[in-house]
Amino acid sequence: MQIYLPIAEVSVNAFLLLGLGGMVGVLSGMFGVGGGFLMTPLLFFIGIPPAVAVATEANQIVASSFSGVLAHFKRRTVDLKMGCVLLVGGLTGAALGVVIFNYLKSLGQVELLVQLCYVIFLGIIGSLMFVESLNALRRSSRNAAPVKRKNHTWVHGLPFKMRFRVSGLYISVIPPLLVGLLVGVLSAIMGVGGGFIMVPAMIYLLGMPTKVVIGTSLFQIIFVTAFTTLLHATTNYTVDMALAVLLLIGGVIGAQIGAVIGTRLKAEQLRILLAILVLVVCGKLAFDLLVMPSELFTLGVAGGH
């Protein structure tokens, strides 16, 4: 069943969009990521213009993350205090990211920048997570004692400390603010929730327990991506509501399924699955950048999408 998307100015299969939304929703519930790192490239692959894909996917992430965080609230695995600190940095970063996005759009370099950002960030994060998770799985298979993270790192020496009781931490608010700021910028430029960076940062940099990280990450993602969507809708007019609604329906259902699956897997298994997904998407995008396109140039109306 083909449906015409007025802002994207293309026709796509409605059931394909529902399926993509559901698949990304499952990832959101399982891993605590918004799923934009996977969905935005997939929208590129089916012909959605980059500017529309980035702005609209931020909208879809809101719903799938909200659905996922409800399941985590029931299990009391959301650190609201940490989430609010991340949120302050995230909203600031989102505003900055939209300014950068608009400038690059005026230069006509949005598509190249978005794809390069994906290849660089996904490649680095995916490789680091895969190596660490593989080592953790090997230790667990040998019944070896897990390597304990350092109780005191450079993060604990920074000023402006705050106690986060749910996470069991007493650390400076500076690292969470900077993590939130980076994720906010990425949300605006790449159309992602930023969970693929936030989740590893919260585990390895801040030292938060994995079970608390997922729910807290989703909590912050909801508000940052909602703010990003609002900015894109009012400044770029690139949010396609027909596309967003179809992705939303699939995402909300999928997030509930993902949250259930996530509780049945070990933390190491969750991390290595996420790492593999990140590397697969990175490889596909890098391949598309290196291979000569079938059409060397396209014609478009000036000022159009």
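1. Buried here means under 20% relative accessible area. By that cut-off, 51% of the 305 residues of the chain count as buried. The model is predicted. Please read each point below with that in mind.

2. Start with the overall layout. The chain comes to 10 helices and 4 strands. Read along the sequence, the pattern is β-β-α-α-α-α-α-β-β-α-α-α-α-α. Two strands open that pattern, and five helices follow them. Then come two further strands, and five helices close the run.

3. Look at the opening pair of strands. Strand β1 covers residues 2-5, and strand β2 covers residues 10-13. They pair in the antiparallel sense, over 4 bridges. Gln2 stands opposite Asn13 in β2. Tyr4 has Ser11 of β2 as its bridge partner. The hairpin of β1 and β2 has 4 residues between the strands. In this hairpin, Glu9 takes a positive phi near 60 degrees.

4. The other pair is β3 with β4. Strand β3 spans residues 161-164, and strand β4 spans residues 169-172. The two run antiparallel and are joined by 4 bridges. Arg163 has Tyr170 as its bridge partner in β4. This hairpin has 4 residues between the strands. Gly168 takes a positive phi there, near 70 degrees.

5. Now the helix packing. Two packed helices are described by the angle between their axes and the distance between the axes. Three pairs are worth checking in the viewer: α4 with α6, α4 with α8, and α6 with α8.

6. Take α4 and α6 together. Helix α4 holds residues 80-107, and helix α6 holds residues 174-190. Their axes are 6 Å apart, and the packing angle is about 40 degrees. That makes α4 oblique to α6, because an angle of this size falls outside the ranges for roughly parallel, roughly antiparallel and roughly perpendicular. The crossing of α4 and α6 is right-handed. The contact of α4 with α6 divides into 16 nonpolar residues, 7 polar and no charged.

7. Leu177 gives a local view of these two helices. Leu177 sits in helix α6. Is Leu177 exposed or partly exposed? Leu177 counts as partly exposed, because its relative accessibility is 29%. The C-alpha atoms of Leu177 and Val88 are separated by 6.8 Å. Along the chain, Leu177 and Val88 are 89 residues apart.

8. Next, α4 and α8. Helix α8 runs over residues 210-235. The axes of α4 and α8 come within 8 Å and cross at roughly 25 degrees. That makes α4 roughly parallel to α8, because angles under 35 degrees count as roughly parallel. The crossing of α4 past α8 is right-handed. By class, the contact of α4 with α8 has 15 nonpolar residues, 8 polar and no charged.

9. The remaining pair is α6 and α8. Their axes come within 10 Å and cross at roughly 40 degrees. The two helices are therefore oblique to each other. The crossing of α6 and α8 is right-handed.

10. Glu57 deserves a look. Glu57 has its place in helix α3, which covers residues 50-74. Is Glu57 buried or exposed? Glu57 is buried, because its relative accessible area is 0%. The C-alpha atoms of Glu57 and Met190 are separated by 9.4 Å. The two residues are 133 residues apart along the chain.

11. Finally, the cysteines. How many disulfides does the structure hold? The structure holds 0 disulfides. Cys84 counts as partly exposed, because its relative accessibility is 41%. Cys282 is buried, because its relative accessible area is 10%.

Conventions. Residues are numbered from 1 along each chain as its sequence is written. This is a predicted model: local features need pLDDT of at least 70, side-chain atom pairs count only at pLDDT 80 or more; totals for chains, interfaces and linings use all residues. Side-chain values use heavy atoms; hydrogens and water are left out. Axes are lines fitted to C-alpha atoms, for helices over the stretch in contact, and angles run from 0 to 180 degrees between N-to-C directions. Angles under 35 degrees count as roughly parallel, over 145 as roughly antiparallel, 65 to 115 as roughly perpendicular and the rest as oblique. A crossing is left-handed if the near helix is turned anticlockwise from the far one by less than a right angle, and right-handed if clockwise. Ala, Val, Leu, Ile, Met, Phe, Trp, Tyr, Cys and Pro count as nonpolar, Asp, Glu, Lys and Arg as charged, and the others, Gly among them, as polar. A disulfide is a pair of cysteine sulfur atoms within 2.5 Å. Buried means under 20% relative accessible area, exposed over 50%, partly exposed in between (1.4 Å probe, protein chains only). Two strands pair if DSSP finds at least two bridges between them.
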